[in-house]
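Could you walk me through this structure the way you would at the bench, pointing at things as you go? I'd like to follow the helices, the charged pairs and the pocket without too much jargon.

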Amino acid sequence: MTVANLITLLRLGLVPFFVYFLEVSPTHRVALALFIVASLTDWVDGYVARRFNQRTNLGALLDPLVDKVLVTAAIVGLARHGVVSAWAVTLVLTREFLITGLRTAAINAGVVLAASWTGKVKTTLQMVAIALLIAGVQPWGDWLWWAAIVMTAYSGLEYIWQTRRIWV
């Protein structure tokens with residue numbers, strides 16, 4: 001087990017604690033701190049994997065999966081508290097399920113779909129917006145959430161376009 005993969009698993013382990021504190025209060029400082037730490041470990045595990053040549057198939061699978069678990073937990077919790085709308089959560093989750101399915105189809109076709117620049121921007125926007133929404137920073141949280149929704153849709157369409165030869 002590499003250090004990068006252990007950091008990714010740490011991020012996954014933080015999710016239940018984050019959910020608990022978010023459930024207690026949508027603007028709870030502990031939930032915010034846990035979300036920020038978990039979000040930052042996404043950058044740290046990638047840096048460690050690249051810097052120390054610790055890229056693994058397990059890491060390539062776990063890293064985006066754990067990102068999706070963290071973001072899903074956050075937006076479902078925020079929707080439950082009325083901070084974000086259910087349709088936006090549905091759009092984000094639909095995109096994530098669709099892209100996961102396309103990645104699986106691509107792997108079965110012998111094609112590896114690396115994370116795109118727009119996908120990385122989407123994840124960054126989502127995480128920053130979620131942190132601002134948990135912190136109650138308005139209107140910046142709402143504006144970045146809308147930017148994240150637009151980038152979520154755009155990056156999803158980009159993946160669909162890139163994989164059109166696989167699913168047609």
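L144 is found in helix α6. Keep in mind as you look that this is a predicted model. Is L144 buried, exposed or something in between? Its relative accessibility comes out at 24%, and because buried means under 20%, L144 counts as partly exposed. Setting aside neighbours within four places in sequence, L144 is in contact with L125, V128, A129 and L132. For a sense of distance, take M127: it sits 17 residues from L144 along the chain, and the two C-alpha atoms are 9.5 Å apart.

From there, move on to α5, which runs from 117 to 135. How does its span compare with what you'd expect from its 19 residues? At 1.5 Å a residue, α5 should span 27 Å, and its end C-alpha atoms are indeed 27 Å apart, so the two agree. Right after the helix, G136 takes a positive phi of about 75 degrees.

Now see which parts of α5 are hidden. The buried residues are T118, G119, K122, T123, L125, Q126, M127, A129, I130, A131, L133 and I134. L125 and A129 are in that buried set, and both are also among the contacts of L144. What covers the buried residues of α5? The cover includes α1, α2, α3, α4 and α6, the last of these spanning 140-162.

Next stop is α4, the home of R95 and of E96. R95 forms a salt bridge with E96, and the closest N and O atoms are 3.1 Å apart. Side chains of opposite charge can pair when their charged atoms come close. Are these two buried or exposed? Both R95 and E96 are buried. R95 has a relative accessible area of 7%, so it counts as buried, and E96 also comes in at 7%.

It's worth checking what else each partner touches. Not counting residues up to four places away in sequence, R95 touches G119, K122, T152, S155, G156 and Y159. With its own neighbours within four places left aside, E96 is in contact with K68, K122 and Q126. K122 therefore turns up in both sets, as a contact of R95 and of E96, where contact means heavy atoms within 4.5 Å. K122 is also one of the buried residues of α5.

How many salt bridges are there in the whole structure? A search finds eight. A good one to look at is R11 with D63, where the closest N and O atoms are 2.6 Å apart. R11 lies in helix α1 and D63 in helix α3, so this pair ties together parts that are 52 residues apart in sequence. R11 is buried, with a relative accessible area of 0%.

R11 has another partner in D67: their side chains meet in a salt bridge at 3.3 Å, N to O. D67 is in helix α3 while R11 is in α1, so here the tie is between parts 56 residues apart in sequence. R11 is buried, and D67 is too. Salt bridges that share partners join R11, D42, D45, D63 and D67 into one network.

Two of those network members take you to the pocket. Which residues lie nearest the centre of the largest pocket? They are A60, D63, P64, D67 and A115, out of 49 lining residues. The volume of this largest pocket is about 1600 Å³. Its lining gets at least two residues from each of α1 (3-24), α2 (29-51), α3 (57-80), α4 (86-108) and α5 (117-135). The largest share, 11 residues, comes from α2. By chemical character, the lining divides into 22 nonpolar, 15 polar and 12 charged residues.

One last residue to find is I36, placed in helix α2. With a relative accessible area of 36%, I36 is partly exposed. Its C-alpha atom is 32 Å from that of W161, and the two residues are 125 places apart along the chain.

Definitions and conventions: Residues numbered from 1 in each chain as written. Predicted model: local features only at pLDDT ≥ 70, side-chain atom pairs only at ≥ 80, totals over all residues. Heavy atoms only, no water. 1 Å grid on protein atoms, 1.4 Å probe; cavity = no way out; pocket = protein on both sides within 12 Å on 5 of 7 lines; lining within 4 Å. Points joined across faces, edges and corners; volume = space filled by probe spheres on them. Helix = DSSP H or I, 4+ residues; strand = E, 2+ residues; numbered from the N terminus. Nonpolar A, V, L, I, M, F, W, Y, C, P; charged D, E, K, R; others polar. Salt bridge = Lys/Arg side-chain N within 4 Å of Asp/Glu carboxyl O. Buried < 20%, exposed > 50% of the residue type's maximum accessible area, 1.4 Å probe, protein only. Expected span 1.5 Å × (residues − 1).
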